[in-house]
Amino acid sequence: MGKKQTAIVDAVQRFTAQAQQELKNAISDMEGREVFAIGALDSRGLIKKLEILARGSEGAVPAPFRDRDSAQVLIHNHPSGELFPSDADVLVAAEAAADGLGSYIVDNAVAKVLVVAEPVRAKLIRPLNPDEIAAVLDDGGKLSLKMPEFEPRTSQVDMARDVAALISDGGILIAEAGTGVGKSFAYLIPSLAWAIGNNERVVVSTATINLQQQIFKKDFPVVSSLFKKPAKAAMVKGRGNYLCKRRLYEAIEEDALFSDTSIKLRQILEWDNNGGSGDKSDLSLPDDDPIWNRVCSESDYCLSSRCPYHEKCHVVRVRLEAASAQLIIVNHHVLLADLEAKRTREGVLNTILPSYKALVLDEAHAIESSATSLFSESFSKRSIQRLLGRLVRKKKRIQTGILPSLRRLPDIPKALLDAASKQADAAAAAADAFNASALASYSEKESSLLIKNLESFSRSAFLSALQSLERDLAMLVTRLGEILEAMPPEFDDEESVVELKLTSRSIEEAAALVPRFKNPDAEPQTIFWMQIDRKNPREAVVICTATPLEVAPLLAERLFSKVRTCICTSATLTINNSFDWWRNRVGLPTKKDSETSKAMSTMGATGGTTEGAIDAPIRNRQYPSPFPYRRNALLAIDTSAPPPDGTQFQAYLNTAVARLLHASRGRALVLFTSHRALRDTYDYVAPLLEKEGILALRQGQKDRYSLLHTFINDISSVLFATESFWEGVDAPGETLSLVIITKLPFRVPTDPIQASRAAAIDARGGNSFAEMSIPEAVILFKQGFGRLIRHSNDRGVVAVLDVRIAKKAYGNLFISSLPECKLETGPLDQLCTSVAKFLDSEG
């Protein structure tokens with residue numbers, strides 16, 4: 001073995017003489033205080049070029065290294081001459097290392113260097129041959145040899161070729177792939193080829209866990225079998241989908257304390273002990289079972305490396321699997337949460353995903369909605385009392401929780417613990433009072449409203465209750481801080497002490513969020529609103545939420561500007577063959593934006609590059625469906641229907657749906673835009689269907705999976721559903737021969753987020769109905785239409801009962817955005833005859 005090298009080396013081994021002198025001069029100019037710089041390396045690995053980015057004090061300096069393409073090494077000095085890194089230094093170095101950047105600490109004389117992390121030299125990317133990749137999917141290609149039933153599709157071959165070219169060159173591909181193109185194979189094959197050939201990772205993000213599992217369990221095994229080199233995929237879900245062993249044991253112990261041990265907890269323990277995956281989807285629990293909330297993993301419960309079960313942690317295992325995988329399959333929420341954690345440094349020591357350069361956004365039409373949810377912050381009586389319950393829980397005169405646990409430690413003043421416990425009770429009472437006040441602000445018909453629209457009397461009571469809650473939470477943070485200050489250092493690693501720190505931080509975050517709702521106008525780029533949650537029939541709870549007015553700038557800065565390659569794909573990205581609306585909504589510049597920017601530059605506009613600006617080339621491509629829509633699909637529009645906002649519409653709807661279902665002999669999906677209309681129509685139609693021996697299914701009767709399973713396997717059945725079923729229903733064959741769209745799917749204009757975003761568009765001189773409401777409805781309408789034809793042999797009808805599609809000027813946008821198919825308009829009698837005839841014919 002050679003001589004062991006120390007991490008501290010002479011500066012001449014890491015700097016050119018010129019760079020060494022430049023850094024020494026910068027430190028001298030600051031009279032020996034800290035400076036922060038980035039460096040670029042020469043061919044010998046020496047820093048040849050320096051850029052001073054920040055200047056600080058004797059003990060600290062900011063580190064603004066993100067989005068600096070020239071950075072290969074981060075450098076700062078320690079005025080004390082002690083070169084070993086602080087915790088903050090390690091944090092920054094770990095974050096930088098995820099991007100391949102090195103980290104150095106130098107003394108003020110720039111004579112010695114501590115190498116905290118070595119820089120990663122840029123490696124040569126091996127490009128793909130697009131024609132070779134395309135050939136895999138073509139007639140006689142590798143895939144047809146693996147799958148004898150496989151039929152080549154021109155659109156799929158073209159898409160695979162384009163993805164291969166883009167993933168080699170870098171940039172953004174926006175790919176609308178019609179139903180049946182087979183987009184997952186079209187992006188998986190080139191993605192995996194690139195990952196294997198370059199020893200890189202590709203992340204595939206979907207809108208739903210269902211699609212995650214399909215790609216992981218069904219598509220990836222087929223694609224990976226095409227390669228000589230073995231490939232690995234990992235599926236990463238949100239933390240809450242995994243079991244926390246520590247919380248499980250605590251729940252069992254707590255229930256035993258009250259002689260109330262839950263059978264379900266014991267069943268979960270047995271499952272886990274017998275090699276269970278830890279993934280909730282592999283456990284037979286209903287989605288809303290409260291037992292899971294007691295045992296699932298949560299970031300602010302996590303003790304990380306201090307946890308006694310850390311080495312057997314399911315979350316850690318999944319993330320280690322991801323670190324060694326070529327393909328990582330996530331959902332949009334996990335993707336955005338990972339980027340947010342890295343941006344705020346919270347993910348550096350608890351990273352969700354390893355670093356990656358190539359990203360595929362499948363179901364990309366849903367990314368705006370996912371970002372709206374992820375970037376929102378909320379609180380409620382329930383969320384606050386859950387936090388308080390960590391501190392102390394009382395049952396049958398027995399107390400459990402963090403504060404009772406701390407009483408078992410010596411040298412902690414009991415008076416401080418008593419004061420904190422008393423203040424936790426006060427905060428719980430304040431949360432109760434706030435919830436009652438917020439509920440009183442609603443009229444009977446309202447379920448959500450904007451804070452700024454509260455009437456003066458309600459506003460006064462709301463603000464008073466909000467201020468009391470703010471005060472009691474702030475006081476609780478103070479009381480917990482007093483305990484932590486009095487804590488002897490030798491207790492720092494005690495579980496209850498670590499839990500106290502985590503919970504105190506969470507309560508502090510809640511205390512900081514609450515006062516933001518006092519003056520909504522102070523943050524014009526944020527929507528402050530509240531809604532009633534009635535899931536618990538015994539108690540309605542008001543949830544207060546702060547939502548970004550626009551997510552496009554956030555997506556541009558935090559997502560698209562962070563990756564070298566991004567493929568955005570979905571069956572529904574265009575409106576009348578234009579991608580502009582979707583691009584605007586997610587922060588991708590359109591041709592018009594580029595021309596405006598160029599014109600401003602020519603006119604002498606200044607300001608430099610915007611943070612998060614997207615310089616990568618962006619390409620739009622449409623890959624048409626191979627399915628024979630012209631022959632096998634009929635779009636039927638009832639031109640005699642009453643207006644959907646009229647008093648006669650519901651009675652018409654009941655009759656029209658019943659007659660159309662009679663004509664189709666069931667075999668239908670009936671899509672609504674409101675739960676009330678669904679219930680009224682179902683109650684009218686279901687008995688009529690029962691007389692014909694047709695099973696009527698209604699959303700809410702069972703969980704989504706069970707409903708779809710029954711619907712698909714009972715050919716004559718009819719499923720009545722609302723918005724969540726406009727997407728993701730895959731029922732090929734005769735079982736789905738008719739889709740009835742009862743209304744064009746315009747969002748409810750009184751929805752707080754919708755109303756606020758519409759008002760912002762109108763305020764800047766735009767037309768919110770044309771710029772937002774119509775395009776959103778067209779995209780969802782396309783999704784609903786797409787439920788019909790799922791296989792090349794499928795045949796069926798989409799019946800539209802909203803007369804606006806025929807009589808309003810914007811109606812043609814809905815029709816022109818669909819695949820070309822047969823079109824029939826007329827009165828209901830005519831359509832019912834045509835539906836029966838079309839479905840009975842063979843095309």
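How many bridges join strand 20 to strand 26? Five bridges do the joining, and strand 20 and strand 26 (residues 822-826) run parallel. Please keep in mind, as you look through these close-up views, that this is a predicted model.

**Figure 1. Strand 20 has a parallel partner in strand 26 and another in strand 25.** Let us stay with the strand from the opening question. Strand 20 covers residues 633-638, and six of its six residues are buried. Look at one side of the strand to find A633, L635 and I637, then at the other to find L634, A636 and D638; both faces are covered. Strand 25 (residues 796-800) pairs with strand 20 in the parallel sense, over five bridges. To follow individual partners, start at I637, whose bridge partner in strand 25 is V800. Then move to D638, which has G826 as its bridge partner in strand 26. As a reminder for sheets in general, strands pair through backbone hydrogen bonds, either parallel or antiparallel.

**Figure 2. Q830 sits in helix 30 and touches E824 and T825.** Helix 30 spans residues 828-840. Is Q830 buried, partly exposed or exposed? Its relative accessible area is 32%, so Q830 is partly exposed. Setting aside neighbours within four places in sequence, the contacts of Q830 are E824 and T825. With E824 there is a polar contact between the two side chains, at 2.9 Å. D638, which we met in strand 20, also belongs in this view: its C-alpha atom is 8.8 Å from that of Q830, although the two residues are 192 residues apart along the chain.

**Figure 3. An open sheet of six strands shows mixed pairing.** Reading across the sheet, the strand order is 1-6-5-4-2-3. Strand 1 (8-10) and strand 3 (47-55) stand at the edges; each has a single partner strand, so one side of each has no neighbour in the sheet. From one strand to the next, the twist averages 30°. Inside the sheet, strand 4 (residues 73-77) and strand 5 (residues 102-106) are joined by five bridges in the parallel sense. One pair to look for is V73 with its bridge partner G102 in strand 5. Helix 1 (residues 17-29) lies across strand 2 (35-41), strand 3, strand 4 and strand 5, and runs at about 15° to strand 3.

**Figure 4. Seven strands build an open sheet with parallel pairing.** The order here is 9-10-8-11-18-7-19. Which strands form the edges? They are strand 9 (233-235) and strand 19 (618-623), each of which pairs on one side only. Ignoring direction, neighbouring strands of this sheet are turned by 15° against each other on average. Strand 7 (residues 171-177) and strand 18 (residues 565-570) run parallel and are joined by six bridges. Here, E176 has S570 as its bridge partner in strand 18.

**Figure 5. Salt bridges link R247 to E298 and R558 to E340.** The model has a count of 42 salt bridges. In the pair of R247 and E298, the closest N and O atoms are 3.6 Å apart. R247 lies in helix 8 (residues 245-257), while E298 is in the loop between helix 10 (290-295) and helix 11 (314-323), so this pair ties together parts that are 51 residues apart in sequence. R247 counts as buried because its relative accessibility is 6%, and E298 counts as buried at 16%. In the second pair, R558 and E340 meet at 2.9 Å, N to O. R558 lies in helix 19 (residues 552-558) and E340 in helix 12 (residues 332-343), so the pair ties together parts that are 218 residues apart in sequence. Both R558 and E340 are buried.

**Figure 6. K501 and D492 meet in a salt bridge.** The N to O distance is 4.0 Å. K501 is partly exposed, with a relative accessible area of 39%, and D492 is partly exposed at 33%. Elsewhere, salt bridges that share partners join R247, E298, D300, R386 and R390 into one network.

**Figure 7. Helix 26 packs against helix 27.** The angle between helix 26 (residues 752-763) and helix 27 (residues 768-785) is about 145°, and their axes are 8 Å apart. From helix 26, the contact uses Q754, R757, A758, I761 and D762; from helix 27, it uses S768, E771, M772, S773 and E776. These contact residues divide into three nonpolar, three polar and four charged.

Technical notes. Residues are numbered from 1 along each chain as its sequence is written. This is a predicted model: local features need pLDDT of at least 70, side-chain atom pairs count only at pLDDT 80 or more; totals for chains, interfaces and linings use all residues. Side-chain values use heavy atoms; hydrogens and water are left out. Two strands pair if DSSP finds at least two bridges between them. Helices (H or I, at least four residues) and strands (E, at least two) are DSSP runs, numbered from the N terminus. Axes are lines fitted to C-alpha atoms, for helices over the stretch in contact, and angles run from 0 to 180 degrees between N-to-C directions. Contact means heavy atoms within 4.5 Å. Buried means under 20% relative accessible area, exposed over 50%, partly exposed in between (1.4 Å probe, protein chains only). A polar contact is a pair of N or O atoms within 3.5 Å; within protein, one must be able to donate a hydrogen and the other to accept it, and residues adjacent in sequence count only if both atoms are side-chain atoms. A salt bridge is a side-chain nitrogen of Lys or Arg within 4 Å of a carboxyl oxygen of Asp or Glu. Ala, Val, Leu, Ile, Met, Phe, Trp, Tyr, Cys and Pro count as nonpolar, Asp, Glu, Lys and Arg as charged, and the others, Gly among them, as polar.
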